[in-house]
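Colleague: Could you take me through this chain, and explain for each term what makes it apply?

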Amino acid sequence: MSNGQGANGTPDSVQVTMYDVGFGDCFLLSFIYVGGSTKRVLIDCGTRNAPAKMGPAVNQVLTDSGGHVDAVVITHRHLDHLSAFGDSQTGPQLLSLGPQLVLQPWTEEPDLDKSAADENGAHVQMLDAGQGFAQAVMGNSVGVKGASPEQQQIINCIAGLSIPNKAALECIAKLAPANAHSYLSAGQNSGLGNLLPGVTVTVLGPPTLTECPAIAKESSSNPSEFWQLQESIAAMLGGGAMAASGDELLPGAATLERCMASPEVRWALNRLDGINAQNVERFVRCLDSAMNNTSLILLFQVGNKVLLFPGDAQWENWSYALGKPEWADQLKGVDLYKVGHHGSGNATPKDLWNLFDHKGPAGQQGRLVTLMSTTVGEYNGVPASTLAPALGNETDLTRSDQLASGATSYSCTL
Ligand SMILES: [Zn+2]
């Protein structure tokens with residue numbers, strides 16, 4: 001009964017499989033019950049930098065799951081967590097998994113009131129506008145004026161994560177009937193308890209803005225205007241869009257090639273270009289953090305084992321959960337931690353790390369298991385040079401970029 005029919009009681013064990021998708025996440029949880037019946041949950045399926053790895057990874061997911069999963073979790077809207085759903089080959093394969101439940105963060109709620117009068121809706125409107133900005137940056141073939149090659153590479157990498165991903169979202173919407181999609185915030189019932197007998201799932205994040213204003217701190221006091229301003233800057237990048245629209249600053253005025261201008265004017269223009277590039281980089285970083293902070297944080301309790309899947313949640317999202325004593329207590333007992341945001345420093349806050357009671361020296365019984373899906377050199381400062389050694393010294397760490405040659409996945413059983 002591998003399709004999960006007849007699953008009851010508490011699972012005997014849970015198997016977690018991490019797929020090598022480059023810089024991205026794809027995890028399969030298999031809850032194995034007495035008699036061998038199994039329930040499965042797929043958490044994310046995407047890559048930022050390795051589309052060639054997605055085909056083999058999804059094929060492996062289909063094999064490992066027997067062609068069906070009970071639930072799909074999309075932690076947040078970033079490319080590296082959902083790109084496979086937007087691909088013409090892997091998208092239909094994932095659709096065939098036929099989950100009964102699809103979980104996404106509250107920010108994805110299609111019927112959300114996005115009027116400025118609602119602070120949560122206004123925040124999502126800001127995220128939408130920010131994604132439009134990221135799209136404009138990525139569509140600008142000339143590059144950002146004043147950006148060095150290294151800066152351009154960083155901007156492209158970060159902006160590329162936050163493009164709207166429309167095809168993937170359309171596919172995700174079709175995974176299950178509309179009433180089988182749940183858009184969750186911290187503390188809500190995940191609905192997974194009905195599908196996974198004997199498993200308790202706590203939604204630790206994301207909080208709504210009402211619960212935790214800090215998740216919006218990257219935006220200005222007037223978020224939508226802030227991003228609209230940046231969209232207009234994006235339209236100006238390279239200078240082509242403004243000129244093409246005829247929307248000139250001083251219509252009809254004589255123009256001069258930059259090389260013909262005086263050294264003082266060229267100096268000033270170069271400085272302005274540099275400021276422009278810094279601003280664009282700052283804006284895409286803000287957007288990246290804001291999107292990461294929409295991540296679902298799920299805590300699975302299976303018998304006496306505790307598994308933590310936080311997507312890419314950063315400090316502002318985590319601060320809400322860590323401020324609740326009963327949740328902080330539960331976090332002490334974590335046995336398996338999916339390392340947040342591919343190993344970035346601010347996605348594993350010290351306050352969280354310090355809670356983990358099962359850290360310890362190699363060979364310690366019941367030592368904390370950590371799984372880190374990452375690629376070195378793809379995203380500036382990830383994995384963090386302080387976190388990676390700590391994970392290696394104090395936990396049983398497995399990294400997707402260090403799997404045995406030819407392996408597409410790694411599984412462990414608790
Ligand atoms: Zn990510």
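The conversation below goes from the whole chain to its sheets, its core and two of its helices.

Modeller: Before we start, this is a predicted model, in which local features need pLDDT of at least 70, side-chain atom pairs count only at pLDDT 80 or more, and totals for chains, interfaces and linings use all residues. Residues are numbered from 1 along each chain as its sequence is written.

Colleague: How many helices and strands does the chain have, and what makes a stretch count as one or the other?

Modeller: The chain has 14 helices and 13 strands. Both are DSSP runs numbered from the N terminus, a helix being H or I over at least four residues and a strand being E over at least two.

Colleague: What share of the chain is buried, and what makes a residue buried or exposed?

Modeller: A residue is buried if 20 or more other C-beta atoms lie within 10 Å of its own, exposed if 12 or fewer do, and partly exposed in between, with the C-beta atoms placed from the backbone. By that count, buried residues make up 46% of the 414 residues in the chain. As for contacts, which require C-beta atoms placed from the backbone to lie within 7 Å, residues 24 or more positions apart account for 77% of those with a separation of 6 or more.

Colleague: Which strands form open sheets, and what makes two strands a pair?

Modeller: Two strands pair if DSSP finds at least two bridges between them. In one open sheet, 7 strands follow the order 6-5-4-3-2-1-13 with mixed pairing, and strand 6 (181-184) and strand 13 (409-413) are its edge strands, each pairing on one side only. The other open sheet has 6 strands in the order 7-8-9-10-11-12, and its pairing is mixed too. Strand 7 and strand 12 (396-399) stand at its edges with a single partner strand each, so one side of each has no neighbour in the sheet.

Colleague: What makes the pairing of the sheet that begins with strand 7 mixed?

Modeller: Strand 7 and strand 8 (residues 297-302) pair in the antiparallel sense over 6 bridges, with V199 having V302 as its bridge partner. Strand 8 is joined to strand 9 by 5 bridges, also antiparallel, whereas strand 9 and strand 10 (residues 336-338) run parallel and are joined by 2 bridges. Strand 11 (residues 369-372) and strand 12 run parallel as well, over 4 bridges, and M372 stands opposite R399 there. Both senses are therefore present, and both are allowed, because strands of a sheet pair through backbone hydrogen bonds, either parallel or antiparallel.

Colleague: How do you know that strand 7 and strand 9 are largely enclosed?

Modeller: In strand 7 (residues 199-205), 6 of the 7 residues are buried, so the rest of the structure largely encloses this strand. In strand 9 (residues 305-309), 4 of the 5 residues are buried, so the conclusion there is that this strand, too, is largely enclosed.

Colleague: What makes a group of residues a nonpolar core, and which members touch the most others in the largest one?

Modeller: A nonpolar core is a set of buried Ala, Val, Leu, Ile, Met, Phe, Trp, Tyr and Cys residues joined through C-beta atoms within 7 Å. The largest has 100 residues, of which L42, A71, V73, V284, L298 and L307 touch the most other members. Helix 4 (residues 119-139) supplies the largest share of this core, 8 residues. L298 stands opposite F309 in strand 9, and L307 stands opposite L336 in strand 10.

Colleague: How do you know that the length of helix 1 is as expected?

Modeller: The expected span is 1.5 Å times one less than the number of residues. For the 15 residues of helix 1 (residues 51-65) this gives 21 Å, and the end C-alpha atoms are 21 Å apart, which agrees.

Colleague: Why are the buried residues of helix 6 said to lie on the same side?

Modeller: In helix 6 (residues 166-173), A168, C171 and I172 are buried. They cover an arc of only 100° around the axis, taken from the directions from the helix axis to the C-beta atoms, which puts them on the same side of helix 6. On the other side, K166 and E170 are exposed. The buried residues of helix 6 pack against helix 2 (79-82), helix 3 and strand 5.

Definitions and conventions
Two residues are in contact if their C-beta atoms, placed from the backbone, lie within 7 Å.
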